[in-house]
Amino acid sequence: MRIGLIVGPWFPVPPERYGGTERVVDALARALTAAGHEVLLAAASDSTCPVPQMPGATTSEPEEIGLTLSELSHVIKAYRAMDHVDIIHDHTLAGPLYSHRPRGVPVVTTVHGPLTPQTAELYRDMAQDTGVIAISRDQCSRVHDLQVSAIIHHGLDLSTVSVGDGKGGYACFVGRMCPDKGLLEAVAIAREAGVPLRIAAKMHAKDEQRFFHDVVEPVLGPDEEFLGELSDPEKYELMGGAMAMINPIQWHEPFGLVMIEALATGTPVLATPMGAAPEIVRHGVTGFLAGSHQLAGYVEAAASLSRAECRRSVDEHFSAERMAADHLTFYADVIKQFRSRGLPAEGVLQENQSQAM
């Protein structure tokens, strides 16, 4: 199968540090190629993913994220370069709304962000001629009249992730510097449990910097260590040495890649039961799910959970190979229906049953 993958022009694939969508697309591209398929990637020009990339790609400044001109210019080039593929998987917002698609090539898209009333309206329009993939059951539940064709959980390339021993004597927090990620709650949980907390967080945008300097930094004490933003090897080393990762999210996060990253290192996850967390963390097996004010009571218990079982849960449910296999099944169905009726897959919700936790 010849597959075109499109991602925004702002960050390389894979990302140097922070970048959830780019990380997922990188893992998907590699796994599809390993499975024997041809992949053409349209991404930022400084991408290093080892698959053929769209000629003439450029890189836009991160400050231009969300600007129509920046994204649309990129996707127009991408669609022109993909007139020979069997299917296009577009991870941008503007692309699936672009009317000048290659004739005879079906398009699918993944909803990477929250389904707000505003974004749901856009995806309703897309669903008329585009297969829409959700990344969790919880994400789908946020709206009830959006035609979603498949639910496919994210996967992780496990080849570079080792299982740690968890004997560092600390808990960790990894995420973005914003209130929704629950950093203040993580600090409170670690303090109540009496364990040091090591914090790795992305802090590029002005609002993230403001939140850190005005809200977070003043409350940090001697038992909290802020490490900044880490590379992947540094992040996995941090996670692998932790007795638990504290992830008290304060919003309905559509997935939560950081949780499967921690589990891949063998580290249990303590999370609030919001968003997709209940689809990732098995309470009492790979971590614990509870309200922010209750999680401190689970820190000691988390340290005694099986690290091998945490890793096994990712091997079985959240590997890049599983993600690619789910996509290939969906792609084949979309192509078949498109060729027989001239339309992408409609009306039939597909979900990998092996992922039911």
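How much space lies in the largest cavity? I looked this up first and noted about 60 Å³. The model is predicted, so I kept the limits in view: local features need pLDDT of at least 70, side-chain atom pairs count only at pLDDT 80 or more, and totals for chains, interfaces and linings use all residues. Residues are numbered from 1 along each chain as its sequence is written, and side-chain values use heavy atoms, with hydrogens and water left out.

**Entry: cavity.** I searched the whole structure and found one cavity of 30 Å³ or more. On a 1 Å grid over the protein atoms alone, a cavity is a set of points where a 1.4 Å probe fits but cannot get out; a pocket is an open set with protein on both sides within 12 Å along at least five of seven lines; lining residues have an atom within 4 Å of a point. Grid points are joined across faces, edges and corners, and a volume is the space filled by probe spheres set on the points. The lining of the largest cavity includes His89, His91, His112, His154 and His327. Val24, Leu28 and Met323 are also among its lining residues. I recorded six nonpolar, six polar and no charged residues in this lining (Ala, Val, Leu, Ile, Met, Phe, Trp, Tyr, Cys and Pro count as nonpolar, Asp, Glu, Lys and Arg as charged, and the others, Gly among them, as polar). Helices α1 and α12 each supply at least two of the lining residues; helices (H or I, at least four residues) and strands (E, at least two) are DSSP runs, numbered from the N terminus.

**Entry: α1 against α12.** I next examined the packing of α1 with α12 (residues 320-341), and noted an angle of about 75° with the axes 9 Å apart. Axes are lines fitted to C-alpha atoms, for helices over the stretch in contact, and angles run from 0 to 180 degrees between N-to-C directions. The two helices, α1 and α12, are therefore roughly perpendicular to each other (under 35 degrees is roughly parallel, over 145 roughly antiparallel, 65 to 115 roughly perpendicular and the rest oblique). From α1, Val24, Ala27, Leu28, Ala31 and Leu32 meet residues of α12 that include Met323, His327 and Tyr331; contact means heavy atoms within 4.5 Å.

**Entry: second largest pocket.** I found about 220 Å³ of space here. The lining includes Pro14, Arg23, Asp26, Ala27 and Arg30. Helix α1 gives the most to it, with four residues. The lining divides into five nonpolar, one polar and five charged residues. I also checked Pro14, which sits in the loop between β1 (2-6) and α1. The peptide bond from Val13 to Pro14 is cis, with omega near 0°.

**Entry: sheet.** I traced an open sheet of six strands in the order β9-β8-β7-β10-β11-β12, with parallel pairing; two strands pair if DSSP finds at least two bridges between them. Its edge strands are β9 (224-228) and β12 (287-289). The twist averages 20° from one strand to the next. Four bridges join β8 (residues 197-202) to β9, and Arg198 stands opposite Glu225 in β9.

**Entry: α8 against α11.** Helix α8 (residues 257-264) lies across β7, β10 and β11 (269-271), running at about 170° to β10. It packs with α11 (residues 307-317) at about 125°, with axes 7 Å apart. I therefore entered α8 and α11 as oblique to each other.
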